[in-house]
Amino acid sequence: MSPALREAAPERPDVWVGATAMAEDVLLESTSAKFMQAYYTLLHLHRVAVTVVVVVPDGVTDLDEDCANTVATIINTNKPTLFAEFGRMYRLEGKVVLITGASAGIGEATAREFAAAGAHVILTARREEKLKALAQELSSKYPSVTVHTVGLDVQDREAVQRALASLPANLQEVDVLVNNAGMVVGVDKLLDVDPKGIDQMFNTNVYGLMYVIQAVVPGMKARNRGHVINIGSVSGKQVYSGGGIYCATKHAVDAITRTLHLELVDTAVRVTEINPGLVNTEFSTVRFSGDKAKADNVYKGMNPLTGQDVAEIIVFAASRPDHVNIADLLVFPVNQADSRTVHRA
Ligand SMILES: NC(=O)c1ccc[n+]([C@@H]2O[C@H](COP(=O)([O-])OP(=O)(O)OC[C@H]3O[C@@H](n4cnc5c(N)ncnc54)[C@H](OP(=O)(O)O)[C@@H]3O)[C@@H](O)[C@H]2O)c1
């Protein structure tokens, strides 16, 4: 609820109008056609970047034209205040964003954030049914946004090349690549780690990331426009016992990202690395082969980051002005200070 908006409506203190970016719930307790018309006009004007939340007092079932006009006037009068705050979102409107690993966790939340900001999203992961469900949700919530799904295992170089070469014509020019697909297997020490796990971690986190870069970034370079956002980890900055291979893959992501930045410095293509600490997603469940109790233990007694927390940072980086490049960002939950230093209640 915006105090500025509430103050702007002294003559109608019984109607509050607030606006929030990407609010989940729209509370409409009126059936007034006039009112609905004003509401939809506003949504149309501002696409999906702003959801208007209107709270009408109990007992009011119909609102007159005067009220509908008041709603519209309040919003319009306060546009500078409101939309300065959310203006960054407009930079993403109509952009084409490709997200790997969009079926869960950080990638899924990132897809929601970009779609809410009016960007067209290409969702990729192996679990196509999850992508389809997400696409359905986003398409019905944001009709002006194109949502395209691609079932894809990033470990398969030819499949990556094929899939990205056959994107629909209107989505071929990717503006933002969120290279997020990644995973970890187990907590075995280096002398015991299963070679299959080594392959899977390197094939996904390093080779897969490189295959996608090689399929997408040449186009960005040729257009002299684009943004590569690689999801690294605190494990790409530090190491810990029991995470040697995962840390090695994320150190590789760090090296690749920094090198790519150097190699694209004479272009307008931006390169960003976002390195989270503990995030409560499916990540630990995958690590412990589906053992939810073990996974939950990772976050016991502390308040981890959520996929949404990281998604907001990704969208923040992507929505900076074109000349601003957030190169490297390390983000922890408040009670984590490095890979292993976590305060638990
Ligand atoms: N969670 C954390 O604490 C944490 C911390 C630092 C960094 N990270 C990094 O953040 C990224 C996202 O992880 P998350 O926490 O969101 O984990 P998550 O919930 O397990 O999501 C991982 C995503 O990657 C996809 N994926 C895995 N292997 C894939 C493959 N071979 N091909 C295509 N997609 C694949 C998964 O989709 P499918 O299974 O459907 O393919 C899923 O959508 C990873 O790079 C991870 O290393 C996570």
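Both faces of strand β7 are covered: on one side Gly 226, Val 228 and Asn 230 are buried, and on the other His 227, Ile 229 and Ile 231 are buried as well. The model described here is a predicted one. Strand β7 comprises residues 226–231, and 6 of its 6 residues are buried. This strand is a convenient place to begin, and the account moves outward from it.

On one flank, β7 is paired with strand β6 (residues 176–179); the two run parallel and are joined by 4 bridges. Two of the residue pairings can be located in the model. Val 176 has His 227 of β7 as its bridge partner, and Asn 179 has Asn 230 of β7. Together with helix α8, strands β6 and β7 make a right-handed β-α-β unit. From β7 the chain then crosses through helix α9 (residues 244–263) to β8, and this β-α-β crossover is also right-handed.

Strand β8 (residues 269–276) pairs with β7 in the parallel sense, over 6 bridges. Within this pairing, His 227 stands opposite Arg 270 of β8. His 227 therefore has a place in both pairings described so far, as the bridge partner of Val 176 and as the residue opposite Arg 270, by the DSSP bridges that define strand pairing.

Strand β6 resembles the starting point in its surroundings. Both of its faces are covered, with Val 176 and Val 178 buried on one side and Leu 177 and Asn 179 buried on the other. Strand β6 is also joined to strand β3 (residues 96–100), by 3 bridges and in parallel. In that pairing, Leu 98 has Leu 177 of β6 as its bridge partner.

These pairings belong to a wider arrangement. The open sheet is formed by 7 strands in the order β5-β4-β3-β6-β7-β8-β9, with parallel pairing. The edges are occupied by β5 (147–151) and β9 (328–331); each has a single partner strand, so one side of each is left without a neighbour in the sheet. From one strand to the next, the twist averages 15°.

The ligand is the next point of interest. Around the ligand there are 31 residues, of which Gly 101, Gly 105, Arg 126, Arg 127 and Gly 182 come nearest. The elements that give two or more residues to this shell are α5 (105–116), α8 (195–223) and α10 (283–287). Helix α8 thus appears both in this shell and in the β-α-β unit with β6 and β7, as the DSSP numbering of elements shows. By class, the shell contains 14 nonpolar, 13 polar and 4 charged residues.

The largest share of the shell, 3 residues, comes from α5. Which residues of α5 are buried? They are Gly 105, Ile 106, Gly 107, Glu 108, Ala 109, Thr 110, Ala 111, Arg 112, Glu 113, Phe 114, Ala 115 and Ala 116, so that the helix is mostly covered, with 12 of its 12 residues buried under the threshold of 20 or more other C-beta atoms within 10 Å. The length of α5 can be checked against its geometry. At 1.5 Å a residue, its 12 residues should span 16 Å, and the end C-alpha atoms are 17 Å apart, which agrees. Gly 118 follows α5 and has a positive phi, near 90°.

Several loop residues complete the picture. Most residues other than glycine have a negative phi. Asn 224, in the loop between α8 and β7, has a positive phi near 55° although this residue is not glycine. Asn 224 counts as exposed because it has 11 C-beta neighbours inside 10 Å. Ser 289 lies in the loop between α10 and α11 (292–298), and its phi is likewise positive, near 50°. With 10 C-beta neighbours inside 10 Å, Ser 289 also counts as exposed.

Leu 167 is a further loop residue, placed between α7 (157–165) and β6. Is Leu 167 buried, partly exposed or exposed? Leu 167 counts as partly exposed, because 17 C-beta neighbours lie inside 10 Å. In sequence, Leu 167 and Val 150 are 17 residues apart, and in space their C-alpha atoms are 8.8 Å apart.

Note on methods
Residues numbered from 1 in each chain as written. Predicted model: local features only at pLDDT ≥ 70, side-chain atom pairs only at ≥ 80, totals over all residues. Near = placed C-beta within 6 Å. Nonpolar A, V, L, I, M, F, W, Y, C, P; charged D, E, K, R; others polar. Expected span 1.5 Å × (residues − 1). Right-handed = clockwise from strand over helix to strand, strands pointing away. Axes fitted to C-alpha atoms, helices over the stretch in contact; angles between N-to-C directions.
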